[in-house]
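Reader: I'm new to this one, so could you take me in close on a single part, the way its helices pack? Please keep going from there to whatever sits beside that in the chain.

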Amino acid sequence: MSSGLPPNLPTRRRVLTGAAGAGLALIAAPGMLRRAAAQSWRAGDPFSLGVAAGAPRPDGFVLWTRLAPEPLASNPETPGGMSGGDVPVGYEIATDPAMRDVVRRGVASAEQAFAYSVHLDVAGLRPGRSYWYRFTNGDAVSRIGRAVTLPAPGATPDKLRFGFVSCSNYEHGYFSGYRHLADENPEFVLYLGDYIYEYIEERRPVVRRHSDGIEAATLPTYRNRYAQYKLDPDLQRLHAEVPALVTWDDHEVQDDYADKWGKFFDDPAQFLIRRAAAYRAFYEHMPVRPILSRPEGPIMRIYDRFGFGDLIEISMIDGRQYRSREACYTPPNKGGTHLESNESCAERRDAGRTMLGFAQEAWLNSNLGHSKARWNLIAQDVLMAQLGIKQDSGFGFSTDDWDGYPANRGRLLKRIHDSQVSNPVVVGGDAHSFFANDLRLDFDDPSSAVVATEFVGTSISSYGPPYDLIAKALPDNPHVHFFESRRRGYTCVDLERAHMQVRMQAVSDATDPKAEVATLKAFAVEAGRPGVVGA
Ligand code: FE
Ligand code: CA
């Protein structure tokens, strides 16, 4: 391709048969490189799934791609149409989008054990700036992506724009929200879960089909789901242009799961096998840190912390892997999300129940306690505010979001209050609705202190819950300032030292691949005063 490229790197595994050091040897031997460059990818583009950057730090980031010349190939022995051992993949990092000023080049490894994905952990770069990168293999060159390094820890940046997204069900619509968020040119995007959906839609209208027609539950079927989503041009563009901070929710594994408990409390040992496959596929497709996040069986650490100078510290939370099982499950068919009142379910309010798990809770407490940042963001998967829905039997509360774990929520909010965390804000997804909420020390007492502010972003495409049911409940939940479940989109945050502006962006029609976008509602938070402004 471009004359600015280094010599092409070898592609086919058979070129490297057996020799662990072969990649390095080849780099050192230009003659061999030229011969290896004759390898071609006539069968398909190995970079069909695009590129992504993530996990930014002041001196580096993680660059991701996955070799998949046949992205939807379903043979578990040859994921993405690849076979053989690890494959060396060349990379270049430049200070300009045209890749003229290359400051780093080398060879990364596409790991056979992880579906030929690359997780290149780059260090030693300068803080607080953009870099551009691409991968090469044989005669194939990836698209160019943008990465960022975070400002140095002592830096005092005065503004930051970031977005957050959740819940992109491929069958429910197009991903125009991803495209429009890319147009906003944010520093990074928080992916708050339900990046894929494991199930097949059988009740509601379908805009485009999950290609294999079966619920993802095994490594090949989860891989297939990620590959199909990654082929979406809007998602691919957002990843190429904007670095990602990621966590997950339930649909990356199974609807409403909690730790080792599936939706219907099937055999936990069996469920953990499924979870291991799902987590592994997540790792294979996300720009997460290999040292932190490489999965071991059903265990994978994704919670992580990011500081943008002294302006904001972001704690990315895992709300699924460590939580207590859903309260008051009653077989045979009342698994997963359901409403329970104080009378119908004492278990929900049990003090021993946890959403975060005690290790993650201690880690979060430590972050919040030590943070010197002006703003402190808790980025997690589900609605944190209480939402009581009046029923014949009293108020009902969802068992799948923080209402299913009120003891943990109470501890967290009390901790934030007692330790006077500077400007705490919570963001979430999962609800397929926009919410703007005050988080109170005691939700049942409208005069209790407002401790933090919460914004929930609507889904990119997934259908929303019944509007009337929740709208009718709002007078009973005065801490909820805004609710809208009928629109799809994303949220964009413009942060300054004294002021946070939150724009809820709605697309015109998620069933239209060319949908337009407009601001549905904008809110603010003023530094020093927790709570929603502008409702
Ligand atoms: Fe969802
Ligand atoms: Ca969810």
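Author: In this predicted model, helix α3 passes helix α5 in a left-handed crossing (the near helix is turned anticlockwise from the far one by less than a right angle; clockwise would be right-handed). Here α3 covers residues 176-183 and α5 covers residues 233-241, with helices (H or I, at least four residues) and strands (E, at least two) being DSSP runs numbered from the N terminus. Their axes (lines fitted to C-alpha atoms over the stretch in contact, with angles from 0 to 180 degrees between N-to-C directions) are 7 Å apart, at an angle of about 30°. So α3 and α5 count as roughly parallel (under 35 degrees; over 145 is roughly antiparallel, 65 to 115 roughly perpendicular, the rest oblique).

Who touches whom? On the α3 side, the contact (heavy atoms within 4.5 Å) uses Ser176, Tyr178, Arg179, Leu181, Ala182 and Asp183. From α5 come Asp234, Leu235, Arg237, Leu238 and Glu241. Sorted by class, that makes five nonpolar, one polar and five charged residues (Ala, Val, Leu, Ile, Met, Phe, Trp, Tyr, Cys and Pro are nonpolar, Asp, Glu, Lys and Arg charged, the others, Gly among them, polar).

Now slide over to α4 (residues 219-230) and α6 (residues 268-285), whose axes come within 8 Å and cross at roughly 30°. That makes α4 and α6 roughly parallel to each other, therefore, and α4 passes α6 in a right-handed crossing. α4 brings Leu219, Tyr222, Arg223, Tyr226, Ala227 and Lys230 to the contact. α6 answers with Arg274, Ala277, Ala278, Arg280, Ala281, Phe282, Glu284 and His285. The tally for α4 with α6 is eight nonpolar, one polar and five charged residues.

There's a metal site to look at too. The calcium ion (ligand 2) is held by Asp194, Asp249, Asp250 and Asp430, each through OD, at 2.1 to 2.6 Å. Its donors (N, O and S atoms within 2.8 Å of the metal, 3.2 Å for Na, K and Ca; water is absent, so sites may look incomplete) follow the spacing D-x54-D-D-x179-D along the chain. Aspartate 194 does double duty, bridging that calcium ion and the iron ion (ligand 1), which lie 3.8 Å apart. Aspartate 194 sits in the loop between β10 (188-191) and α4, and aspartate 249 in the loop between β11 (244-246) and α6, so the pair ties together parts that are 55 residues apart in sequence.

Further along, α8 (residues 358-370) packs with α9 (residues 406-418) at about 15°, axes 11 Å apart. α8 and α9 are therefore roughly parallel, and their crossing is right-handed. Phe358, Glu361, Leu364, Asn365 and Leu368 of α8 meet Asn408, Arg411, Leu412, Arg415 and Ile416 of α9.

How far does the predictor trust this? Mean pLDDT (its confidence in each residue, from 0 to 100) is 92, and 92% of the residues reach 70 or more. Over residues 1-38, though, pLDDT is below 50, and beyond near neighbours in sequence that stretch has 55 contacts in the model.

Residues are numbered from 1 along each chain as its sequence is written, with chains lettered from A and ligands numbered from 1 in the order written. Local features need pLDDT of at least 70 and side-chain atom pairs 80 or more, while totals for chains, interfaces and linings use all residues, and side-chain values use heavy atoms, leaving out hydrogens and water.

Note on methods:
pLDDT is the predictor's confidence in each residue, from 0 to 100.
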